[in-house]
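Dear colleague,

I am handing over the structure we spoke about, and I would be glad if you could keep it open while you read. My notes on it follow below.

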Amino acid sequence: MSDKFIRTALLFGNEKMNILKNSHVAVFGIGGVGGHCAEALIRSGIGKLDLIDSDRVCVSNLNRQIIATVNSIGMYKTDAAKERFLQINPEAEINTFNVFYTPQTADLFDFSKYNYIVDAIDTVTGKLELIVNANKSQTPIISSMGAGNKINPDMFEVSDISKTSVCPLARVMRSELKKRGIKKLKVVYSKEKPLVPIKEIAETEEGYETGKRRQTPGSTAFVPSVAGLIIAAEIIKDLTNTKNN
């Protein structure tokens, strides 16, 4: 067991650490949620990681995204993440895909090769395509619901999509998944009622429902990060078949 993971091995044991070393996880979306999740996976000993995101690091990412620094501005998020993660575990295999996951790009990925999939993207179309394809390949997937416009990280829960409430994104996803005959989906979501961004500062961008516009969501350093860390914890526990006490 490598010394870098000895503290984790003290809790999981060498056999389970070997499972993590031989696991292949795909993280779709390397933003506030996905970036923290991916780093926690690397720090937990996951041996092979695919990072999927088409965005570049920008100034407005500095408040919440773990890969965002003054030096990484302008870099593809996947490249910034890979550079950072290899400084943590040089032995890890990290593959990057600078693409936006949609039905048009879905064929680039063979989900059957993954042990787990992280859905940390923020478009309903992409999330649905991701979940449908994960179900087809019977690959475990965990999906992040809305983390924007929230300030209470202690209100996140792990649940099945059918048991979610309050979260606007979860409401849309419940409806759309039901139409597609998908009844089960592990999600991380918050029961916190979203705040309304300050009007004088906010911009508009595409919303959760087709044809709608919404303000750019507000975000913090301490809400998306917690969602990402919870997702990583669920993946590590599921891969090693470790139950909560």
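Which residues does L41 touch, not counting residues up to four places away in sequence? In this model, which is a predicted one, L41 touches V25, V27, I46, L49, A232, I235 and I236.

Several of these names come back when one turns to the interior. The largest nonpolar core has 39 residues, and those with the most contacts inside it are V25, V27, L41, L49, L51, F85 and I235. The elements that give two or more residues to this core are the helices α2 (14–21), α3 (32–43), α4 (77–88) and α7 (224–239), together with the strands β1 (24–28), β2 (48–52) and β4 (116–119). Apart from this core lies another one, of 29 residues, which includes F28, L128, C167 and Y189.

For the overall picture, the protein chain holds 7 helices and 9 strands. Its radius of gyration is 17 Å, close to the 18 Å that the globule rule gives for 245 residues, so the chain is as compact as a globular protein of that length. Taken along the principal axes, the C-alpha atoms fill a box of roughly 50 × 45 × 40 Å, and 48% of the 245 residues count as buried. Among the contacts with a separation of 6 or more, 67% are made by residues 24 or more positions apart.

The sheet deserves a slower look. It is an open sheet of 7 strands in the order β3-β2-β1-β4-β5-β7-β6, and the pairing within it is mixed. β3 (93–97) and β6 (156–160) stand at the edges, each with a single partner strand, so one side of each is left without a neighbour in the sheet. From one strand to the next, the twist averages 20 degrees.

Going along part of that order, β1 and β4 pair in the parallel sense over 4 bridges, and the bridge partner of F28 in β4 is D119. β4 and β5 also run parallel, joined by 3 bridges, and here I117 stands opposite I141 in β5. To get from β4 to β5 the chain passes through helix α5 (residues 124–137), and this β-α-β crossover is right-handed. On the next step, β5 pairs with strand β7 (residues 186–190) in the parallel sense over 3 bridges, with S143 standing opposite V187 in β7.

Is strand β5 covered on one face or on both? In a regular strand the side chains alternate between the two faces of the sheet. In β5 (residues 141–144), I141 and S143 lie on one side and I142 and S144 on the other, and these residues are all buried, which leaves both faces covered.

Finally, I would point you to V158, which is found in strand β6. V158 has a relative accessible area of 35%, and it counts as partly exposed because that value falls between the 20% limit for buried and the 50% limit for exposed. Leaving aside residues up to four places away in sequence, V158 touches K186, V187, V188, I230 and E234. One of these, I230, is 72 residues away from V158 in sequence, while the C-alpha atoms of the two are 8.0 Å apart in space.

With best regards

Key. Residues numbered from 1 in each chain as written. Predicted model: local features only at pLDDT ≥ 70, side-chain atom pairs only at ≥ 80, totals over all residues. Heavy atoms only, no water. Core = buried A, V, L, I, M, F, W, Y, C linked by side-chain atoms within 4.5 Å. Buried < 20%, exposed > 50% of the residue type's maximum accessible area, 1.4 Å probe, protein only. Contact = heavy atoms within 4.5 Å. Pairing = 2+ DSSP bridges. Right-handed = clockwise from strand over helix to strand, strands pointing away. Axes fitted to C-alpha atoms, helices over the stretch in contact; angles between N-to-C directions. Rg over C-alpha atoms; globule rule 2.2 N^0.38 Å.
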